[in-house]
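Colleague: Please take one part of this model, the final helix of the longer description you are about to give, and walk me through its surroundings. Keep the answer connected and leave nothing unexplained.

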Amino acid sequence: MATIQVTEGNEQHPDVALVASAVAGDVHAFEALIRKYDRQIFRIAQHITQNREDAEDVMQDAFLKAYEKLDQFQGNSKFYTWLVRIAVNESLMRLRKRRTGKMVSIDEDIETDEGSVPRDLADWSPNPEQNYSQTELAKILRKTIQGLPPGFRVVFVLRDVDGLSTEETAEMLGLSVPAVKSRLLRARLQLRERLSRYFRSKKGGVE
Amino acid sequence: MLDELIDGTVSAETRTRLEEHLGGCAHCVVTLNTTRKTIEVYRSNELYALPKGVRDRLHAAIVARCKNGC
Ligand SMILES: [Zn+2]
């Protein structure tokens, strides 16, 4: 699995220069930041809100907010970390609006029995995804991850899909490092168990 | 522990110990492989591609603000 290479020492993160130019009035520098991150921001927003319209608005609002507050942005935090924080907050706001009365937050810790004990452990066929068309597969994957609590979904996406570190993910979500770790483990476990329905080999599993 | 192996955060010593264990434990091998596959399949499939036009809309909004201020 890929690990994130943290640039330290004299090497400056390329975003630092882009942010500086944008603050100085270079709109193209900010557009470069948009092109760099808009896909990820949209994906995160869609995973939290589970609504395309909301996700589009979140992406729009997150970048606009970032643009307006760019001069307040503290260089000690990475631009992308800051941007994701804005997008996560916007996403949660919209999710709350749609589910009035229901508590929605990233730090709500849901105790589920599911996945705590791996039951029915079946091996998967060598390339299980090949039994499905691209469209079918995407549908299965969406349906599967949508069944997880929002706080689990977003941790899984940031850590395992985007490949960010536990520490970065914690900072983005305002969670502790142990909380991120525990959510990630449970998210992986639940996804794996749910995907087994589709991916298990016909031969049956290991006892 | 298996998750640390997946994340590559185990010490060399623990890794050796785990790999020894995996040699004789089908249960852990299946857990490891299916967990890795779960991550891989989510990594390699874009579930929510950026819809067409969203980027243009954002571009227009940014330029409009820029004209007013920068
Ligand atoms: Zn074992």
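Modeller: Lys97(A) is exposed, because its relative accessible area is 61% and the cut-off for that class is over 50%. The model is a predicted one. Lys97(A) belongs to helix H4 of chain A, which covers residues 79-98. Its C-alpha lies 33 Å from that of Val23(A), and 74 residues separate the two along the sequence.

The setting is a helical chain. Chain A has eight helices and zero strands, so that its pattern along the sequence reads α-α-α-α-α-α-α-α. Of its 207 residues, 52% are buried. About 10,500 Å² of chain A is exposed, and 48% of that area comes from carbon and sulfur atoms. When contacts in chain A are limited to residues at least 6 apart in sequence, 71% of them link residues at least 24 apart.

Two loop residues can be placed before the helix you asked for. Gln50(A) sits in the loop between helix H2 (27-49) and helix H3 (52-68) of chain A. Its phi is positive, about 55 degrees, although Gln50(A) is not a glycine. Gln50(A) is partly exposed, because its relative accessibility of 26% falls between the 20% and 50% limits. Gly147(A) is in the loop between helix H5 (134-146) and H6 of chain A. With a relative accessible area of 40%, Gly147(A) is also partly exposed. The C-alpha atoms of Gly147(A) and Gln190(A) are 9.2 Å apart, across 43 residues of sequence.

Gln190(A) leads to the contact of H6(A) with H8(A), where it is one of the residues from H8(A). Helix H6 of chain A spans residues 150-161, and its axis is 8 Å from that of H8(A), at an angle of about 95 degrees. The two helices are therefore roughly perpendicular, because that class takes angles from 65 to 115 degrees. From H6(A), the residues in contact are Gly151(A), Phe152(A), Val155(A), Phe156(A), Arg159(A) and Asp160(A). From H8(A) they are Val180(A), Arg183(A), Leu184(A), Arg186(A), Ala187(A), Arg188(A), Gln190(A) and Leu191(A). By class, this contact has seven nonpolar, two polar and five charged residues.

H7(A) also packs on H8(A). Helix H7 of chain A covers residues 166-173, and it meets H8(A) at an angle of about 105 degrees, with the axes 9 Å apart. H7(A) and H8(A) are therefore roughly perpendicular to each other. Thr166(A), Glu167(A), Thr169(A) and Ala170(A) of H7(A) are in contact with Val177(A), Val180(A) and Lys181(A) of H8(A). The residues here divide into three nonpolar, two polar and two charged. Val180(A) is listed in this contact, and Val180(A) is also listed in the contact of H6(A) with H8(A).

H8(A) packs on chain B as well. H8 of chain A runs over residues 177-199 and packs against helix H3 of chain B, residues 26-43, at an angle of about 90 degrees, with the axes 9 Å apart. H8(A) and H3(B) are therefore roughly perpendicular to each other. On the chain A side, the contact uses Arg188(A), Leu191(A), Arg192(A), Leu195(A) and Phe199(A). On the chain B side, it uses Thr31(B), Thr34(B), Thr35(B), Thr38(B), Ile39(B), Val41(B) and Tyr42(B). Six nonpolar, four polar and two charged residues make up this contact. Arg188(A) and Leu191(A) take part here, and both are also listed in the contact with H6(A).

Following H3(B) from there brings in Arg36(B), which lies in that helix. Arg36(B) is partly exposed, with a relative accessible area of 33%. Apart from neighbours within four places in sequence, Arg36(B) is in contact with Leu5(B) and Ile6(B). Arg36(B) and His21(B) are 15 residues apart along the chain, and their C-alpha atoms are separated by 18 Å.

His21(B) is one of the protein donors of the zinc ion, through NE2. The others are Cys25(B) and Cys28(B), each through SG, and the donors lie 2.0 to 2.3 Å from the zinc ion. Along the chain, their spacing is H-x3-C-x2-C. Cys25(B) and Cys28(B) are both buried.

Technical notes: Residues are numbered from 1 along each chain as its sequence is written. Chains are lettered from A and ligands numbered from 1 in the order in which they are written. This is a predicted model: local features need pLDDT of at least 70, side-chain atom pairs count only at pLDDT 80 or more; totals for chains, interfaces and linings use all residues. Side-chain values use heavy atoms; hydrogens and water are left out. Axes are lines fitted to C-alpha atoms, for helices over the stretch in contact, and angles run from 0 to 180 degrees between N-to-C directions. Helices (H or I, at least four residues) and strands (E, at least two) are DSSP runs, numbered from the N terminus. Angles under 35 degrees count as roughly parallel, over 145 as roughly antiparallel, 65 to 115 as roughly perpendicular and the rest as oblique. Contact means heavy atoms within 4.5 Å. Ala, Val, Leu, Ile, Met, Phe, Trp, Tyr, Cys and Pro count as nonpolar, Asp, Glu, Lys and Arg as charged, and the others, Gly among them, as polar. Donors are N, O and S atoms within 2.8 Å of the metal (3.2 Å for Na, K and Ca); water is not among the atoms, so sites may look incomplete. Buried means under 20% relative accessible area, exposed over 50%, partly exposed in between (1.4 Å probe, protein chains only). Accessible areas come from the Shrake-Rupley method with a 1.4 Å probe; for residues, only the protein chains shown count as cover.
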